[in-house]
Every structure is written in C-alpha cells, then in structure tokens.
Number of protein chains: 2
Amino acid sequence: MATDFVKNNEKYAKDQHKPNLPIPPSKKLLIVTCMDARIDTFASLGLEQGECHVVRNAGGCAQDAIRNIVISQRLLGTREIAVFHHTGCGMLTFTTDQLKDILRKDADDAAKAEVDKIGSFLEFKDLEESVKEDVKFLKNHPLVLKETKVSGWIFRVEDGKVVQVA
Amino acid sequence: MATDFVKNNEKYAKDQHKPNLPIPPSKKLLIVTCMDARIDTFASLGLEQGECHVVRNAGGCAQDAIRNIVISQRLLGTREIAVFHHTGCGMLTFTTDQLKDILRKDADDAAKAEVDKIGSFLEFKDLEESVKEDVKFLKNHPLVLKETKVSGWIFRVEDGKVVQVA
C-alpha cells in the first residue's frame with residue numbers, strides 16, 4: 001500500500017468519527033467537485049460529517065454526476081447542488097483525441113474496443129465557462145428536480161479560496 | 001445557500017491550505033468511495049492534500065469510475081486503486097426498477113426519455129461481495145494498467161473504522 005489506511009484510521013475512529021448520523025444529508029446539499037488531490041472538500045468548505053453528499057470525478061463534471069444526483073434527490077432528499085471546478089485542473093490540459101491516442105498505443109483488441117466506446121473524457125478549455133455550462137446543464141436537465149438551487153464555484157489551488165461564478 | 005462557503009472557507013485558506021503542490025498525486029494513489037455524507041475521506045484515512053485522487057459516486061462504484069481512472073493513470077501517474085464501500089449505504093436499499101418507477105411518476109416526455117436511457121443505478125445487494133466484484137472488475141478491465149495494485153475496503157459508519165476485504 002502507498003499508505004497505511006488501518007494505522008492512519010485508528011486515531012480518526014477514536015477521536016473524530018461521529019457515529020449514528022442519519023443517511024440523508026442534514027443540509028440537503030450535494031457538492032460536485034474534481035478528484036484532484038489538492039482538494040480536501042470537507043476541510044476547505046468547513047463541512048461536518050453528515051451535512052452533504054460529495055460527488056467527485058475528473059473535472060467535477062455535472063454530466064458525469066446525473067446518476068448520483070438522481071439517487072441523492074429522490075431517495076435522500078437533497079435539494080441544492082454546488083458545482084466546483086478549480087484552477088490548474090488537469091482537464092484543461094488535453095483533448096479526448098490525444099488521450100485516446102495514448103490509450104491506443106500498445107492496446108490489445110479488448111482495450112481498443114473500450115477506447116472506441118468512450119465518447120468524450122469531458123475535458124474543457126475555459127474554466128469559468130465550464131462551470132457556467134455545468135450549472136445551466138443541471139438547471140435544464142429533465143431528471144433534476146425543478147426546485148433545485150444550483151450554484152457554480154471555482155476553487156483556487158493557488159490560495160485555497162473559493163469564488164462563486166454562477 | 002445551505003451553508004456559507006465563503007465564510008467557512010476563509011479560515012481554511014488562511015491556516016490550512018498548502019499552495020503550490022504539484023498536480024500528480026504524491027502517493028500515486030486513487031481512492032474510489034461513496035458520496036455518502038458521513039464519509040470524510042481525507043480525515044478518516046489520515047490523508048494530506050496532494051497525496052491521492054478521490055473519486056466519489058453513489059456507492060463507490062468502480063464501473064462508474066473508469067473515465068476518471070484512465071485520466072488519473074495515463075495523465076497523472078497513479079498506479080494504485082483502493083475501492084471503499086460502506087455499511088449503511090443507500091445503494092443497499094433499492095432497485096433500479098423501483099427508482100425508475102419513482103422517476104416516471106409525474107415525468108414529462110423529456111424526463112421519461114432520460115429514464116429510459118439509464119441502464120442501471122449500480123445498486124448492490126451484498127456489501128462485501130460488491131467490494132470484491134469491483135476489485136475483480138478493475139483488475140480485469142482492459143483500460144486499467146496491468147501493474148496497478150487494487151485493494152477493496154469497507155468503511156463502517158457505526159464506528160468509523162476501515163476493514164480490508166480484498
């Protein structure tokens with residue numbers, strides 16, 4: 001292992017974990033953010049255990065989060081979505097075609113078939129625009145509840161600050 | 001807003017944020033875990049900013065994480081994946097057909113078309129088995145690098161402890 005989860009977890013379980021919290025997020029909130037290693041969602045937003053769902057994927061892409069949002073809203077009562085993208089995101093640095101070319105190098109037939117199945121890696125070219133597009137996408141999506149509050153944010157890896165842009 | 005992100009973020013940005021960390025995760029690690037509100041990934045595993053990618057979705061489903069894993073491995077150098085599912089998961093409590101029925105109630109034509117597009121919500125019936133299946137899925141996936149270390153874990157919401165099961 002790259003890290004000793006069991007050892008690192010002992011102190012947390014003893015001192016920090018809150019048992020017996022209900023499943024539905026107490027703030028009725030769902031956050032979509034990037035998988036980026038520099039983002040500690042709970043710490044950076046001052047969130048507590050039990051307060052909100054956290055969906056993380058490459059980029060913080062709303063399109064890739066619909067399955068999660070439907071489950072969160074219909075089964076667990078969330079009514080607000082905050083989308084975060086961030087400065088210095090890897091998704092600003094490549095195109096789907098470039099990554100497909102990398103994957104096709106020394107790929108066997110099974111791998112090539114999987115590459116062909118991928119429509120897009122959902123990369124983006126303009127950070128602020130990508131947040132605004134995701135907010136619009138969620139506001140117009142037929143399976144997202146009409147009464148949902150949707151906001152869009154940028155997390156700045158340079159100074160750890162958040163800025164609302166939509 | 002359900003919570004004041006800007007106010008809550010101020011202290012973090014001032015005291016806790018580490019600027020200028022590189023994009024590639026220093027532990028070459030990617031974690032897949034559930035969006036559940038009771039899971040604070042960084043705190044519960046003693047992780048520091050910059051150490052690992054964190055993918056979160058409903059259930060911590062590996063199938064839903066392939067786009068992210070490919071980007072993480074091919075562009076940002078990760079070589080280890082740890083999959084976490086957890087006790088008391090919402091994904092143990094419903095079936096795709098049940099959720100589709102909920103969605104179809106008072107759905108317009110656009111919503112009905114979206115429901116039809118959904119193959120499965122990736123729910124599961126047996127917690128430990130679901131982790132083992134996800135580990136197997138990743139070890140055999142044509143686009144996951146052959147040299148990847150893959151492990152499977154359960155996070156227990158009752159006491160905050162982690163247990164390796166694969």
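**Figure 1. The largest pocket of this predicted model has a volume of about 840 Å³.** Of the 28 residues in its lining, those closest to the centre are A:Gln63, A:Asp64, B:Gln63, B:Asp64 and B:Leu122. Both chains take part here: helix H3 (66–76) and helix H5 (109–117) of chain A, and likewise helix H3 (66–76) and helix H5 (109–117) of chain B, each give at least two residues to the lining. If you like to sort by class, the lining of the largest pocket counts 12 nonpolar, eight polar and eight charged residues.

**Figure 2. The second largest pocket has a volume of about 390 Å³.** Look to A:Gln16, A:Asp40, B:Asp40, B:Phe42 and B:Ala43 for the residues closest to its centre, out of 21 that line this pocket. Two or more lining residues come from each of helix H1 (5–15) and helix H2 (41–45) of chain A and helix H2 (41–44) of chain B. H1(A) gives the largest share, three residues. The class count for the lining of the second largest pocket is eight nonpolar, six polar and seven charged.

**Figure 3. Chain B falls onto chain A after a rotation of 180 degrees with 0.0 Å of shift along the axis (RMSD 0.0 Å).** This is how a two-fold axis relates its copies. The same surface serves both copies, with 100% of the contact residues of chain B recurring in chain A. B:Arg56 is the residue of chain B closest to the rotation axis, its C-alpha lying at 2.3 Å.

**Figure 4. Cysteines of chain B, in a structure with zero disulfides over all chains.** The sulfur of B:Cys34 has its closest cysteine sulfur in B:Cys89, at 4.1 Å, which is too far for a bond. For B:Cys61 the closest cysteine sulfur is also in B:Cys89, at 7.8 Å, again too far. B:Cys34 is buried at 4% relative accessible area, and B:Cys61 is buried at 5%.

Methods
Residues numbered from 1 in each chain as written. Chains lettered and ligands numbered in written order. Predicted model: local features only at pLDDT ≥ 70, side-chain atom pairs only at ≥ 80, totals over all residues. Heavy atoms only, no water. Disulfide = S-S within 2.5 Å. Buried < 20%, exposed > 50% of the residue type's maximum accessible area, 1.4 Å probe, protein only. Least-squares fit on C-alpha atoms with pLDDT ≥ 70 in both. Contact = heavy atoms within 4.5 Å. 1 Å grid on protein atoms, 1.4 Å probe; cavity = no way out; pocket = protein on both sides within 12 Å on 5 of 7 lines; lining within 4 Å. Points joined across faces, edges and corners; volume = space filled by probe spheres on them. Helix = DSSP H or I, 4+ residues; strand = E, 2+ residues; numbered from the N terminus. Nonpolar A, V, L, I, M, F, W, Y, C, P; charged D, E, K, R; others polar.
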